[in-house]
Amino acid sequence: MPESRFPQGDRSDGRAGPIGVALLGSTGSIGRQAVDVLEGLSDRFRVVALDPRGSDPWDAPGLEGPLVIVAGSESRGPSRAVFATSDRRVAIPLRGGVESLNVSVAVGVLLFEAVRQRVPKDGR
């Protein structure tokens, strides 16, 4: 079987490693408990919030290393309390009159980019 070109396991250089996913809330606004969890993770992980009005492009460098991705409602993004705990607010540009992406699609786009940034330039 050919070796995978996608990140597997831990690497000492920080370019690749496991990507974990935790669902903090699936409907309505994220509660105080979820914000507390994010605040507890912020010293060990970069917290990136998907924000339709975010200032950072989705494909900007900086998605390698320990990462938490937070997504909120499709039209407004996460709550202000979540934005306050975030290191970055990332936007995915939309064209052709599209107002928002399905939240699972938006997270998938950002996860794909995080994996792409972790793959060594030589593809190995």
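Colleague: What counts as a helix or a strand here?

Modeller: Helices and strands are DSSP runs, of at least four residues for a helix and at least two for a strand, numbered from the N terminus. In this predicted model, the elements of the protein follow the order α-β-β-β-α-β-α from the N terminus on. That comes to three helices and four strands.

Colleague: What share of the contacts joins residues 24 or more positions apart?

Modeller: Among contacts in the protein with a separation of 6 or more, 69% fall in that class. As for burial, 31% of the 124 residues are buried.

Colleague: How is a pair of aromatic rings described?

Modeller: By the distance of the centres and the angle of the planes. In this case there is nothing to describe, since a search of the whole structure gives zero aromatic pairs.

Colleague: Which charged end sits over the ring of Phe-83?

Modeller: That of Arg-89, placed 3.7 Å from the centre of the ring.

Colleague: Next, the second largest pocket. How much space lies in it?

Modeller: The second largest pocket holds about 230 Å³. Its lining has 17 residues, and those closest to the centre are Asp-51, Pro-52, Glu-74, Leu-101 and Ala-106.

Colleague: Which elements each supply at least two residues of that lining?

Modeller: Strand E4, residues 88-91, and helix H3, residues 103-118.

Colleague: How does the lining of the second largest pocket divide by class?

Modeller: Ten of the lining residues are nonpolar, four are polar and three are charged. Gly is counted as polar in this scheme.

Notes
Residues are numbered from 1 along each chain as its sequence is written. This is a predicted model: local features need pLDDT of at least 70, side-chain atom pairs count only at pLDDT 80 or more; totals for chains, interfaces and linings use all residues. Side-chain values use heavy atoms; hydrogens and water are left out. On a 1 Å grid over the protein atoms alone, a cavity is a set of points where a 1.4 Å probe fits but cannot get out, and a pocket is an open set with protein on both sides within 12 Å along at least five of seven lines; lining residues have an atom within 4 Å of a point. Grid points are joined across faces, edges and corners, and a volume is the space filled by probe spheres set on the points. Rings of Phe, Tyr and Trp (its six-membered ring) pair if their centres lie within 6.5 Å; planes under 30 degrees apart count as stacked, over 60 as edge-to-face and the rest as tilted. A charge sits over a ring if NZ of Lys or CZ of Arg is within 6 Å of the ring centre and within 35 degrees of the ring normal. Buried means under 20% relative accessible area, exposed over 50%, partly exposed in between (1.4 Å probe, protein chains only). Contact means heavy atoms within 4.5 Å.
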